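Here is a set of short exercises with worked solutions. Take a look at the chain below, try each task yourself, and then compare your steps with ours.

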Amino acid sequence: MKPETLAIHAGNLYKVSTRDVTPPINLSTTFLRDEDGGYSGGHMYSRVSNPNRSALENALAELEKGAEACAFSSGNTAGMAVFQALKPGSHIIAPDDMYWGFKKQLQTIFKDILEIDFVDLTSLNNIERFIKENTVLIWVETPSNPLLKITDIAGVSRIAKENNLILACDSTFASPCLQNPIAFGADIVMHSSTKYIGGHSDVLGGVLITAKKDEFWEKIRNVQQVGGAVPSPFDCFLLVRSIKTLAYRMHGHCNNGMALALHLNKHPEIEAVYYPGLSTHPQHEIAKKQMAGFGGMLSVLIKGGSDQARKVVNKVKLFAQATSLGGVESLIEHRASVEGPDTKTPQNLIRISVGLEHIDDLIADLDQALAR
């Protein structure tokens with residue numbers, strides 16, 4: 001089935017006696033045992049599993065063409081579950097342009113537990129130079145946050161397989177409707193479901209999807225079920241509901257994102273536009289190969305430095321000056337000030353999450369904000 005069909009039906013496989021077309025919210029934290037001590041209803045305790053989470057995990061596993069999914073209470077806890085499943089002393093190769101929350105995790109929580117090198121993953125030769133005897137995992141983020149770098153998933157997968165390494169891919173900026181890393185050789189796919197999957201800026205969540213149920217995946221599942229950082233039934237219900245419109249929302253995000261990138265690429269007050277859909281993007285051909293669309297995320301460099309960039313985000317009227325991304329409403333932020341004093345993000349960079357408003361209104365709002 002195509003993504004549009006899967007998105008609507010993959011989360012509806014849990015039939016109940018009332019024959020609901022849409023899965024109801026199941027708030028029970030515990031479930032009845034059979035006379036022999038078993039659980040013929042399929043669930044024992046809500047931290048381990050519940051009908052709403054099963055529906056969500058099933059939908060996302062099918063959309064990502066994976067074997068199974070684990071849902072978490074946030075994107076950060078989803079990514080952290082991968083790192084927690086590694087043995088102490090393991091070496092990770094991670095991208096130099098990486099979501100700051102994960103980078104902060106690796107640099108603080110896992111500082112004395114794991115060994116990490118942050119590498120420019122757009123160069124395959126560069127990756128091979130950093131592989132060591134204790135290297136276990138390559139963590140890819142494509143498109144990257146906030147510079148929209150594109151990594152060749154299939155190329156990194158070849159390197160990973162040749163060296164018996166796990167390849168995990170943060171595909172949050174793409175969504176399952178635009179990119180399926182497992183189809184290009186990734187072992188694990190990660191999403192912050194807070195973003196495009198949720199799509200309405202009203203639910204926090206994260207998910208991991210595996211290509212196969214192996215020993216490492218069982219460690220991740222154990223972190224989820226025993227650690228207990230799981231989404232509530234209501235959060236799962238909201239995400240399943242949102243997934244039903246995901247494919248069509250992504251069409252709108254892609255159309256608006258491309259139109260805005262093309263407009264800003266010619267704007268006299270813009271120094272540079274980072275968007276993989278532009279033919280001038282250095283990895284545009286790779287993006288065309290592995291993405292069905294280029295999404296609604298773009299970053300721009302404002303002429304005039306940090307002060308001018310901050311003026312622009314304070315002058316917009318339709319764009320909400322707020323962090324996060326992937327909602328139906330357009331968001332804008334001065335990214336370096338979010339990431340803190342140690343950031344390597346340019347001080348004149350503005351990150352834009354293009355929503356589903358009419359593109360003419362979005363362009364007019366940014367034009368008036370950019371006017372000096």
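**Exercise 1. Place N164 in this predicted model and describe its backbone and its exposure.**

Solution.
- Step 1: N164 sits in the loop between helix 6 and strand 5 (166-170).
- Step 2: Look at the backbone. Phi of N164 is near 55°, which is a positive value in a residue other than glycine.
- Step 3: Set this against the general pattern. Most residues other than glycine have a negative phi.
- Step 4: Turn to the surface. The relative accessible area of N164 is 72%, and the cut-off for exposed is over 50%, so N164 is exposed.

**Exercise 2. Do the same for S201: where is it, what is its phi, and is it buried, partly exposed or exposed?**

Solution.
- Step 1: S201 belongs to the loop between strand 6 (188-191) and strand 7.
- Step 2: Its phi is near 55°, again a positive value in a residue that is not glycine.
- Step 3: With a relative accessible area of 46%, S201 falls between the 20% and 50% limits and is therefore partly exposed.

**Exercise 3. Find the cis peptide bonds that precede P143 and P146, and give omega for each.**

Solution.
- Step 1: Recall the general rule that most peptide bonds are trans.
- Step 2: T142 and P143 are joined by a cis peptide bond with omega of about -10°.
- Step 3: From N145 to P146 the peptide bond is cis as well, and omega is near 10°.
- Step 4: Now place the prolines. P143 is in the loop between strand 4 and helix 6 (153-162), and P146 lies in the loop between strand 4 and helix 6 too.

**Exercise 4. Work out the surroundings of K132.**

Solution.
- Step 1: K132 is located in the loop between helix 5 (124-129) and strand 4 (135-141).
- Step 2: Its relative accessible area is 35%, so K132 is partly exposed.
- Step 3: Leaving aside residues up to four places away in sequence, K132 touches H91, E115 and D117.
- Step 4: With E115 there is a polar contact between the two side chains, at 2.4 Å.

**Exercise 5. Which residues does K213 touch, and how far is its C-alpha atom from that of A67?**

Solution.
- Step 1: K213 lies in the loop between strand 7 (206-210) and helix 7.
- Step 2: K213 is exposed, as its relative accessible area is 54%.
- Step 3: Not counting residues up to four places away in sequence, its contacts are A67 and E68.
- Step 4: A67 and K213 are 146 residues apart along the chain, yet their C-alpha atoms are separated by 6.6 Å.

**Exercise 6. Describe how helix 3 packs on helix 7, then how much of helix 3 is covered.**

Solution.
- Step 1: Two packed helices are described by the angle between their axes and the distance between the axes.
- Step 2: The axes of helix 3 (residues 75-84) and helix 7 (residues 215-227) come within 9 Å and cross at roughly 125°.
- Step 3: That angle makes helix 3 oblique to helix 7.
- Step 4: Helix 3 passes helix 7 in a right-handed crossing.
- Step 5: A81, V82 and Q84 of helix 3 make the contact with F216, I220 and V223 of helix 7.
- Step 6: Sorted by type, the residues of this contact are five nonpolar, one polar and no charged.
- Step 7: Eight of the 10 residues of helix 3 are buried, among them A81 and V82.
- Step 8: At the start of helix 3, a side-chain oxygen of S74 comes within 3.4 Å of the backbone nitrogen of N76.

**Exercise 7. Describe the packing of helix 2 and helix 8, and say what covers the buried residues of helix 8.**

Solution.
- Step 1: Helix 2 (residues 51-63) and helix 8 (residues 233-243) pack at an angle of about 35°, and their axes are 8 Å apart.
- Step 2: Their crossing is left-handed.
- Step 3: Helix 2 brings N52, R53, A55, L56, A59, L60 and L63 to the contact, where they meet P233, C236, F237, L239, V240 and I243 of helix 8.
- Step 4: These residues divide into 11 nonpolar, one polar and one charged.
- Step 5: P233, C236, L238, L239, V240, S242 and I243 are the buried residues of helix 8, and their cover includes helix 1 (3-9), helix 2 and helix 9 (246-265).

Definitions and conventions
Residues are numbered from 1 along each chain as its sequence is written. This is a predicted model: local features need pLDDT of at least 70, side-chain atom pairs count only at pLDDT 80 or more; totals for chains, interfaces and linings use all residues. Side-chain values use heavy atoms; hydrogens and water are left out. Helices (H or I, at least four residues) and strands (E, at least two) are DSSP runs, numbered from the N terminus. Buried means under 20% relative accessible area, exposed over 50%, partly exposed in between (1.4 Å probe, protein chains only). Contact means heavy atoms within 4.5 Å. A polar contact is a pair of N or O atoms within 3.5 Å; within protein, one must be able to donate a hydrogen and the other to accept it, and residues adjacent in sequence count only if both atoms are side-chain atoms. Axes are lines fitted to C-alpha atoms, for helices over the stretch in contact, and angles run from 0 to 180 degrees between N-to-C directions. Angles under 35 degrees count as roughly parallel, over 145 as roughly antiparallel, 65 to 115 as roughly perpendicular and the rest as oblique. A crossing is left-handed if the near helix is turned anticlockwise from the far one by less than a right angle, and right-handed if clockwise. Ala, Val, Leu, Ile, Met, Phe, Trp, Tyr, Cys and Pro count as nonpolar, Asp, Glu, Lys and Arg as charged, and the others, Gly among them, as polar.
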